[in-house]
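Let's take a look at this protein together, one feature at a time. Keep the 3D view open while you read.

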Amino acid sequence: MDYLHLILRIIHIGAGVFWVGGVLMMTFFIAPTLGAIGEGGPKFVAHLVKNLKFTTRMSIAAGLTALAGAWLYWIDSSGFQSAWMMSSVGTGFGLGSFFGAVGFVFGILIGRATNALVNLGGQMQGKPSAEQMTQLQTLQRRQGLYSRIASISLILSVLFMAMARFLVF
């Protein structure tokens with residue numbers, strides 16, 4: 001039994017489930033709820049980010065997923081040999097990797113927007129000023145766009161990874 005391959009798959013799949021699940025929960029449930037609750041939103045986000053270290057944990061999960069996935073791709077392709085990479089399986093995993101990388105990049109952008117929102121929320125004393133409100137709305141729109149792109153990319157990544165062994169190009 002190839003224990004390295006098994007351990008890498010466990011890390012890749014386990015961390016990937018946490019990462020993709022967290023992104024989808026934030027995008028489709030938590031973010032809309034934050035918009036609906038109004039003034040309590042910044043406190044919730046601050047607690048999620050500062051106390052629960054959500055963005056840090058998501059970054060770790062995303063990094064572990066990417067590193068384990070790259071290592072698995074290297075093993076399966078015998079050191080990135082083009083013949084395997086151009087096969088249907090290699091192409092499927094390659095497409096999954098591409099969409100995962102897009103999700104990773106937009107995850108970084110989401111983290112930056114989230115941190116900016118937390119910092120802005122910390123500056124607010126009571127009702128936000130007009131300038132703070134403009135900044136808040138801009139950051140929320142930006143974060144929403146990044147979240148939708150990351151979500152779609154990660155869904156496509158999961159689909160290509162799950163189907164790679166069965167694809168025929």
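## The largest pocket

This is a predicted model, and its largest pocket has a volume of about 1200 Å³. Lining that pocket are 45 residues, and the ones closest to its centre are Leu-34, Val-45, Thr-114, Leu-117 and Gln-143.

Where do the residues of the lining of the largest pocket come from? Helix H1 (3-37), helix H2 (41-51), H3, helix H5 (88-123) and H6 each chip in with at least two. H5 gives the largest share, with 11 residues. Sorted by class, the lining of the largest pocket has 23 nonpolar, 17 polar and 5 charged residues.

## The second largest pocket

Next up is the second largest pocket, with a volume of about 770 Å³. It has 30 lining residues, and His-12, Thr-65, Gly-69, Ser-157 and Met-161 are the closest to its centre. Two or more residues of this lining come from each of H1, H3, H5 and H6.

What about the classes in the lining of the second largest pocket? You'll find 18 nonpolar residues there, along with 9 polar and 3 charged ones.

## How H1 and H2 meet

Here's a handy idea to start with: two packed helices are described by the angle between their axes and the distance between those axes. For H1 and H2, the axes come within 8 Å and cross at roughly 140°. Angles over 145 degrees would count as roughly antiparallel, and 65 to 115 as roughly perpendicular. The angle here is in neither range, so H1 and H2 are oblique to each other.

Now for the residues that do the touching. On the H1 side you have Met-26, Ile-30, Leu-34 and Ile-37, and they meet Gly-41, Phe-44, Val-45 and Leu-48 in H2. By class, this contact of H1 with H2 has 7 nonpolar residues, 1 polar residue and no charged ones. You've already come across two of these names: Leu-34 and Val-45 are also among the residues closest to the centre of the largest pocket.

## Ala-31 and Gln-143

Stay in helix H1 for a moment, and find Ala-31 there. Is Ala-31 buried, exposed or partly exposed? With a relative accessible area of 38%, Ala-31 is partly exposed, because the partly exposed class runs between 20% and 50%.

Ala-31 and Gln-143 are 112 residues apart in sequence, yet their C-alpha atoms are 9.3 Å apart in space. Gln-143 is another name you've met, as one of the residues closest to the centre of the largest pocket.

## Two residues with positive phi

Most residues other than glycine have a negative phi. Ser-78 has a positive one, near 55°. Look for Ser-78 in the loop between helix H3 (54-76) and helix H4 (82-85). Its relative accessible area is 53%, so Ser-78 counts as exposed, the cut-off being over 50%.

Phe-80 has a positive phi too, near 60°. Phe-80 is found in the loop between H3 and H4, and it is partly exposed, with a relative accessible area of 42%.

## A buried serine

To finish, go to Ser-153 in helix H6 (residues 130-163). Why does Ser-153 count as buried? Its relative accessibility is 7%, and buried means under 20%.

Which residues does Ser-153 touch? Leaving out residues up to four places away in sequence, Ser-153 touches Phe-99, Val-102 and Gly-103.

Conventions:
Residues are numbered from 1 along each chain as its sequence is written. This is a predicted model: local features need pLDDT of at least 70, side-chain atom pairs count only at pLDDT 80 or more; totals for chains, interfaces and linings use all residues. Side-chain values use heavy atoms; hydrogens and water are left out. Helices (H or I, at least four residues) and strands (E, at least two) are DSSP runs, numbered from the N terminus. Buried means under 20% relative accessible area, exposed over 50%, partly exposed in between (1.4 Å probe, protein chains only). Contact means heavy atoms within 4.5 Å. On a 1 Å grid over the protein atoms alone, a cavity is a set of points where a 1.4 Å probe fits but cannot get out, and a pocket is an open set with protein on both sides within 12 Å along at least five of seven lines; lining residues have an atom within 4 Å of a point. Grid points are joined across faces, edges and corners, and a volume is the space filled by probe spheres set on the points. Ala, Val, Leu, Ile, Met, Phe, Trp, Tyr, Cys and Pro count as nonpolar, Asp, Glu, Lys and Arg as charged, and the others, Gly among them, as polar. Axes are lines fitted to C-alpha atoms, for helices over the stretch in contact, and angles run from 0 to 180 degrees between N-to-C directions. Angles under 35 degrees count as roughly parallel, over 145 as roughly antiparallel, 65 to 115 as roughly perpendicular and the rest as oblique.
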